[in-house]
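Work through the exercises below with the sequence and the model open. Try each task before you read its solution.

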Amino acid sequence: MSSYQKELEKYRDIDEDEILRGLSPEELEQLDCELQEMDPENMLLPAGLRQRDQTKKSPTGPLDREALLQYLEQQALEVKERDDLVPFTGEKKGVVQPDKYKPVPDEPPNPTDIEEILARARGNDKELEEVNLNNIQDIPVSTLTELCEAMKTNTYIRSLSLVATRSGDPIANAVADMLRENRSLQSLNIESNFISSTGLMAVLKAVRENATLTELRVDNQRQWPGDAVEMEMAAVLEQCPSIVRFSHHFTQQGPRARAAQAVTRNNELRRQQKKR
């Protein structure tokens, strides 16, 4: 016989009643509590099964639901209400008012006289360094084409902005032809127009042949240019060290990362050249 079996044999002949008779009333009550312990954290069980009955009073009679409800209502009416810590004075509390909407006024119309700008560009006016035609939406295509033609030989205009002028591919092609010959323009902004992927490709290819342009903005065209054009944009930035500012919301992670690295590299090269 094993030692474990021998240990069990010791308790086989124990008289449980004799053990209980030797316990005090307090010890018997404690034992009863331990034997009746249930599962108080099991919310799936009714309350009567989650803990033992601790009621000492004997029942006064059968349950009368209506009588119990009447008793509770009477008790609620007889109990005196608690005084407020802060007495009510009738004063209304302040109501938080939302911020008033401040309408943003529309931008004033662009007062630029396109015919005057065209004449000054043709005459290579040294005082004309910036051409801003933003938001002028009724400029004839022929007029913008003539402006790009005049800028091929202009040596003073540093910035050209054609934002929201309803420009399409014909203007993009004219801009591309201008970039191949112009050697003074530093900033070009053609955002928010109707230029397709074909027009953007024409501009990007021309940028490769221009060494003076430092800023190029082509974002927010009417239609998404596509993966091929986004890759071309990244390639242009990698092959054109002069471009240090570029705006386009890339939809693909690959060209976005390449473009960011190229612009960072171009800016670093520009800083090194200035130190020299």
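## Exercise 1: a salt-bridge network

Glu 149 is partly exposed, at 47% relative accessibility. (Buried means under 20% relative accessible area, exposed over 50%, partly exposed in between, with a 1.4 Å probe and protein chains only.) The model is predicted: local features need pLDDT of at least 70, side-chain atom pairs count only at pLDDT 80 or more, and totals for chains, interfaces and linings use all residues. Residues are numbered from 1 along each chain as its sequence is written, and side-chain values use heavy atoms, with hydrogens and water left out.

**Task.** Find which residues are linked with Glu 149 in a network of salt bridges.

**Solution.**
1. Apply the cut-off: a side-chain nitrogen of Lys or Arg within 4 Å of a carboxyl oxygen of Asp or Glu.
2. Start at Glu 149. Its side chain meets that of Lys 152 in a salt bridge, 3.1 Å from N to O.
3. Check the cover on Lys 152. This residue is buried, with a relative accessible area of 16%.
4. Go on from Lys 152. It also forms a salt bridge with Glu 181, with the closest N and O atoms 3.9 Å apart.
5. Place that second pair. Lys 152 sits in the loop between helix 7 (141-151) and strand 2 (159-161), and Glu 181 in helix 8 (residues 169-181). The two are 29 residues apart, so the pair links distant parts of the chain.6. Helices (H or I, at least four residues) and strands (E, at least two) are DSSP runs, numbered from the N terminus.
7. Collect the result: Glu 149, Lys 152 and Glu 181 form the network.

## Exercise 2: another bridge to helix 8

**Task.** Explain why the pair of Glu 209 and Arg 180 ties together parts that are apart in sequence.

**Solution.**
1. Take the contact. The side chains of Glu 209 and Arg 180 meet in a salt bridge, 3.5 Å from N to O.
2. Locate both ends. Glu 209 lies in the loop between helix 9 (197-207) and strand 4 (215-217), and Arg 180 in helix 8, so the bridge ties parts 29 residues apart.
3. Read the accessibility. Glu 209 is partly exposed at 46%, and Arg 180 is partly exposed at 30%.
4. Set the pair in context: the structure holds eleven salt bridges.

## Exercise 3: the largest pocket

**Task.** State which residues line the largest pocket, and how they divide into nonpolar, polar and charged.

**Solution.**
1. List the lining: Lys 57, Ser 58, Pro 59, Thr 60, Gly 61, Pro 62 and Leu 63. A pocket is an open set of points on a 1 Å grid over the protein atoms alone, where a 1.4 Å probe fits, with protein on both sides within 12 Å along at least five of seven lines; lining residues have an atom within 4 Å of a point.
2. Sort them. Three are nonpolar, three polar and one charged. Here Pro and Leu count as nonpolar, Lys as charged, and Gly as polar.
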